Every structure is written in C-alpha cells, then in structure tokens.
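Visitor: I have a new structure to look at. Please walk me through the terms as we go.

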Amino acid sequence: MEQSILLEETRRTNELLQKQLLWSRITAAFLAAVLAAVVLFFGSIAYSVDRIAGQIEEMDLDAISAQLSEIDFAALAEKIEQIDFSSISSQISELDIEAFNGTLTTLEEKLGEMDTQAFNDTVKKLNTAVDALQSASDTIKRWGEGLSGIFGR
C-alpha cells in the first residue's frame with residue numbers, strides 16, 4: 001500500500017515537474033525574444049548615432065562659428081520688433097482667394113482650349129525664319145570680311 005501511495009506521489013511530482021519544465025522553456029523562449037528585440041533596438045540606435053556623429057565630424061564647426069559671430073543679434077532682434085505683424089495679417093485676410101482661384105480656373109480653361117498643334121507649327125516656322133536670317137547674317141559678315149581684305153583692313 002505504501003508503494004502505491006509512493007508511486008502516485010512520484011507520478012504527480014513528475015507531472016508537476018513536466019509542467020514546470022514546459023513553463024520554464026516558454027519563459028526562456030520569451031526572454032530570448034525580448035533580448036533579441038532589445039539588442040536589435042540598441043543596434044539600430046548605435047548605427048543612427050554613428051551616422052549622426054559622422055555627419056557632425058564632417059561639418060566645419062569653426063566656419064559656422066565664425067559666421068554666427070558675424071551676426072548682430074541685437075540689430076536682428078530690433079528689426080524683428082519693427083515688423084508690424086497685425087498689418088501683414090490684415091493684408092493677408094483682405095486677399096480675395098476666390099477671385100484668384102477663379103482666375104486660375106479661367107486660365108486653365110483657356111490653356112486647354114489652345115490649339116497646341118497650330119502653336120507648334122508657328123514655332124517651327126519661326127525657327128525656320130530665324131535660321132534663314134542667321135544664314136543671311138553669316139553671309140553678309142563673310143562679304144564684309146572679304147571686302148575689308150580687299151581694301152587692306
């Protein structure tokens with residue numbers, strides 16, 4: 001009888017130990033995943049810090065400092081104080097945005113109605129005329145150079 005009680009207790013203990021082992025494995029896996037996430041997080045932060053440090057090293061801080069020392073901050077502050085922001089705000093509020101939008105819409109419609117093929121043809125004709133004028137001008141220059149050679153200039 002004692003043996004059967006002992007066997008029963010051993011079986012229960014084994015079941016309990018198996019459950020504890022299962023939960024220990026689950027906890028270990030969870031902690032490993034958290035550790036991996038933390039390592040990746042800090043790795044990405046280290047990479048970003050390294051990039052930023054490299055960019056800071058590339059900056060010419062002496063030149064920036066020299067330029068900043070040339071700024072008259074008192075005069076700048078005085079100029080900013082002289083700005084009448086209420087006047088600017090009232091002028092902006094007086095703008096007729098609807099009329100502006102209407103004008104843009106009308107312009108867009110007119111551009112849509114434009115005969116682009118006729119425009120392109122006109123530009124080609126103008127280019128041809130310019131080329132002909134340039135050719136005539138070059139010919140006249142050559143004649144002038146030839147005549148100046150005859151008269152000894």
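Visitor: What makes up the area that the protein chain exposes?
Guide: The protein chain exposes about 14200 Å², and carbon and sulfur atoms supply 63% of it. Accessible areas come from the Shrake-Rupley method with a 1.4 Å probe; for residues, only the protein chains shown count as cover. This is a predicted model: local features need pLDDT of at least 70, side-chain atom pairs count only at pLDDT 80 or more, and totals for chains, interfaces and linings use all residues. Residues are numbered from 1 along each chain as its sequence is written, and side-chain values use heavy atoms, with hydrogens and water left out.

Visitor: How many of the 153 residues count as buried?
Guide: The share is 0%. Buried means under 20% relative accessible area, exposed over 50%, and partly exposed in between (1.4 Å probe, protein chains only).

Visitor: Why is isoleucine 5 called partly exposed?
Guide: Isoleucine 5 has 44% relative accessibility, so it counts as partly exposed. Its place is in helix H1. Isoleucine 88, in helix H4 (residues 85-94), has 38% and therefore also counts as partly exposed.

Visitor: What counts as a helix here?
Guide: Helices (H or I, at least four residues) and strands (E, at least two) are DSSP runs, numbered from the N terminus. The protein chain has 6 helices and 0 strands. Along the sequence the pattern reads α-α-α-α-α-α.

Visitor: How do you know how the protein chain compares with a compact globule?
Guide: Set two values side by side. A compact globule of 153 residues would have a radius of gyration near 15 Å; the protein chain has 43 Å. The radius is taken over C-alpha atoms, and the globule rule is 2.2 Å times the number of residues to the power 0.38. The C-alpha trace spans about 140 × 55 × 50 Å along its principal axes.

Visitor: Which distances show how far apart residues lie along the trace?
Guide: Take isoleucine 5 and alanine 37, 32 residues apart along the chain: their C-alpha atoms are separated by 48 Å. For isoleucine 88 and aspartate 121, 33 residues apart, the separation is 47 Å.

Visitor: Why is the contact of glutamate 8 and arginine 11 called a salt bridge?
Guide: A salt bridge is a side-chain nitrogen of Lys or Arg within 4 Å of a carboxyl oxygen of Asp or Glu. In glutamate 8 and arginine 11 the closest N and O atoms are 2.2 Å apart, so the pair fits the rule. Both residues lie in helix H1 (residues 2-58), 3 residues apart, about one turn of the helix. Glutamate 8 is partly exposed at 29%, and arginine 11 is partly exposed at 40%.

Visitor: What else does arginine 11 meet in a salt bridge?
Guide: Glutamate 15, at 2.6 Å, N to O. These two are 4 residues apart in helix H1, so about one helical turn separates them. Glutamate 15 counts as partly exposed at 38%. Glu8, Arg11, Arg12 and Glu15 are linked in a network of salt bridges.

Visitor: How many salt bridges does the structure hold?
Guide: There are 4. One of them joins glutamate 113 and lysine 110, with the closest N and O atoms 4.0 Å apart. Both lie in helix H5 (residues 97-113), 3 residues apart, about one turn of the helix. Both are exposed.

Visitor: Why is the pair of phenylalanine 41 and phenylalanine 42 called edge-to-face?
Guide: Rings of Phe, Tyr and Trp (its six-membered ring) pair if their centres lie within 6.5 Å; planes under 30 degrees apart count as stacked, over 60 as edge-to-face and the rest as tilted. By this rule the count comes to 1 aromatic pair. The ring centres of phenylalanine 41 and phenylalanine 42 are 5.4 Å apart and their planes are at 70°, so the pair is edge-to-face. Phenylalanine 41 is partly exposed, with a relative accessible area of 48%.
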